[in-house]
Amino acid sequence: MKRIFTAVIAYDREDQCYDASVPDILGCATSGQTLEDAINQITDAANGCVCALEDEGLPVPEANLQQVLPPDQDMYYTLVQVDTDKYRRMTNTRAVRKSVSVPQWMSDMAEKRGINCSQVLQDALREVFDRS
């Protein structure tokens, strides 16, 4: 499911960090050391909260428009995208067995050198995904 929510971010002078929340999602709050970090953290938190609601079969609240939120010069308002399908793919680290074929000499060489072929494949795939 894809949705866009408004996040509210305020600088906490006492703790010297940025507190962030999504008012539409009860309990969805976090903080970051920088504004960019706070935006990344609240995006992750919002995705996690909505996934939890979906998993529990609870309704996901509708997002309010930014105009509904009270203006405040000490707060930042930003949009965060929630894509639970993408989030689940990115955070699901459960291993699945894949059968791959390599030439015999590669298999022998990897075994002699103590190379974990599964790890090499994962590393190579991450590198390909990072480039695309």
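**Pockets and a nonpolar patch in a predicted model**

The largest pocket in this predicted model has a volume of about 1,200 Å³.

Student: Which residues are the closest to the centre of the largest pocket?

Tutor: The lining of this pocket is made up of 24 residues, and they divide into 13 nonpolar, 5 polar and 6 charged. Of those that line the pocket, the closest to its centre are S118, L121, Q122, L125 and R126.

Student: Which helix gives the most to the lining of the largest pocket?

Tutor: Three helices, α2 (84–91), α3 and α4, each supply at least two residues of this lining. Among the residues closest to the pocket centre is L121, and L121 is found in helix α4. With 9 residues, the helix that gives the most to the lining is α4.

Student: Is L121 buried, partly exposed or exposed?

Tutor: Buried would require under 20% relative accessible area, and exposed would require over 50%. The relative accessible area of L121 is 37%, and because this value falls between the two cut-offs, L121 counts as partly exposed.

Student: Which helix gives the most to the nonpolar surface patch?

Tutor: The patch, of about 860 Å², is made by V100, V102, W105, M106, M109, L121, L125, V128 and F129. Both α3 and α4 (117–131) supply at least two of its residues. With 4 residues, the helix that gives the most is α4.

Student: What is the count of buried residues in helix α3?

Tutor: Helix α3 spans residues 104–113 and is hardly covered, and just after this helix comes G114, whose phi is positive, near 70 degrees. A residue of α3 is buried if its relative accessible area is under 20%. Among the 10 residues of α3, the count of buried residues is 1.

Student: What is the volume of the second largest pocket, and which elements give two or more residues to its lining?

Tutor: The second largest pocket has a volume of about 200 Å³, and it is lined by N40, T43, D44, N47, Q81, D83, K86, Y87, M90 and T91. The elements that give two or more residues to this lining are α1 (35–55), β4 (75–83) and α2.

Student: How do the lining residues of the second largest pocket divide into nonpolar, polar and charged?

Tutor: Tyr and Met count as nonpolar, whereas Asp and Lys count as charged. Y87 and M90 are among the lining residues, as are D44, D83 and K86. The lining therefore divides into 2 nonpolar, 5 polar and 3 charged.

Methods. Residues numbered from 1 in each chain as written. Predicted model: local features only at pLDDT ≥ 70, side-chain atom pairs only at ≥ 80, totals over all residues. Heavy atoms only, no water. Buried < 20%, exposed > 50% of the residue type's maximum accessible area, 1.4 Å probe, protein only. Patch = residues over 30% accessible without salt bridge, like charges linked within 9 Å, V, L, I, M, F, W, Y side chains within 5 Å. Areas by Shrake-Rupley, 256 points an atom, 1.4 Å probe, with all protein chains shown as cover. Salt bridge = Lys/Arg side-chain N within 4 Å of Asp/Glu carboxyl O. 1 Å grid on protein atoms, 1.4 Å probe; cavity = no way out; pocket = protein on both sides within 12 Å on 5 of 7 lines; lining within 4 Å. Points joined across faces, edges and corners; volume = space filled by probe spheres on them.
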